[in-house]
Amino acid sequence: PRACYMCGKEENSDLDHRLGVKFCPLTQEFIARGVIKYNLIGHLVHIDGSDLPRFPRLGTGGIAALLRDEEERKAKRGERLMGLAGVLGNMCLTRVV
């Protein structure tokens with residue numbers, strides 16, 4: 001069966017929009033949130049211009065699931081870095097005082 005690469009929904013099953021990444025509501029959502037964009041030649045890419053991940057096999061949630069996983073990993077990494085910055089900041093303050 002044919003499926004939308006972004007959301008992974010299948011034609012004649014659960015697809016609720018016209019087939020194609022550019023018609024997927026999740027594509028518009030990720031663009032609005034600044035996660036992905038169209039490059040100069042009209043291809044969807046990460047906001048930094050790097051390629052999007054390839055479409056995983058059917059039943060996995062499409063590229064959107066991979067983008068959400070990337071966002072979660074970045075958020076966790078950011079939390080760890082903020083925690084480390086707080087610890088280092090506290091160490092600096094205690095040494096100055």
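In α1, the residues Leu26, Thr27 and Phe30 are buried. They lie on the same side of α1, because the arc they cover around the axis is only 105 degrees. The model described here is predicted. Phe30 also ranks among the residues with the most contacts inside the largest nonpolar core, and four salt bridges are present in the structure.

**Nonpolar core**

- The largest nonpolar core comprises 13 residues. Those with the most contacts inside this core are Met6, Cys24, Leu26, Phe30, Ile36 and Leu67.
- Two helices, α1 (25-32) and α2 (62-96), each contribute at least two residues to this core. The largest share, three residues, is supplied by α2.
- Phe30 touches Met6, Val35, Ile36, Ala64, Leu67, Arg68 and Glu71, when residues up to four places away in sequence are not counted. Among these partners, Met6, Ile36 and Leu67 are also listed with the most contacts inside the core.

**Segment before α1**

- His17 is located in the segment before α1. Its relative accessibility is 13%, under the 20% limit, and His17 therefore counts as buried.
- With neighbours within four places in sequence left aside, the contacts of His17 are Cys4, Cys7, Phe23, Cys24 and Pro25. One of these, Cys24, belongs to the residues with the most contacts inside the largest nonpolar core.
- Asn12 likewise lies in the segment before α1. Its relative accessible area is 80%, over the 50% limit, so Asn12 is classed as exposed.
- The phi of Asn12 is positive, near 65 degrees, in a residue other than glycine.

**After α1**

- Gly34 follows α1 and has a positive phi, near 75 degrees.
- Arg33 is placed in the loop between α1 and β1 (36-38). Its relative accessible area is 43%, which makes Arg33 partly exposed.

**Salt bridges**

- Side chains of opposite charge can pair when their charged atoms come close. The structure holds four salt bridges, including the three described below.
- Glu11 and Arg2 form a salt bridge, with the closest N and O atoms 2.9 Å apart. Glu11 is partly exposed at 27% relative accessibility, whereas Arg2 is exposed at 51%.
- Arg33 forms a salt bridge with Glu29, and the closest N and O atoms of this pair are 2.9 Å apart. Glu29 has a relative accessible area of 34% and is partly exposed.
- Arg33 also meets the side chain of Glu71 in a salt bridge, at 2.5 Å from N to O. This pair links distant parts of the chain, since Glu71 lies in helix α2 and Arg33 in the loop between α1 and β1, 38 residues apart.
- Glu71 is partly exposed, with a relative accessible area of 26%.
- Glu29, Arg33 and Glu71 are thus joined in a network of salt bridges. Glu71, a member of this network, is in addition one of the residues that Phe30 touches.

Methods. Residues are numbered from 1 along each chain as its sequence is written. This is a predicted model: local features need pLDDT of at least 70, side-chain atom pairs count only at pLDDT 80 or more; totals for chains, interfaces and linings use all residues. Side-chain values use heavy atoms; hydrogens and water are left out. A nonpolar core is a set of buried Ala, Val, Leu, Ile, Met, Phe, Trp, Tyr and Cys residues joined through side-chain atoms within 4.5 Å. Buried means under 20% relative accessible area, exposed over 50%, partly exposed in between (1.4 Å probe, protein chains only). Helices (H or I, at least four residues) and strands (E, at least two) are DSSP runs, numbered from the N terminus. Contact means heavy atoms within 4.5 Å. The arc is that of the directions from the helix axis to the C-beta atoms.
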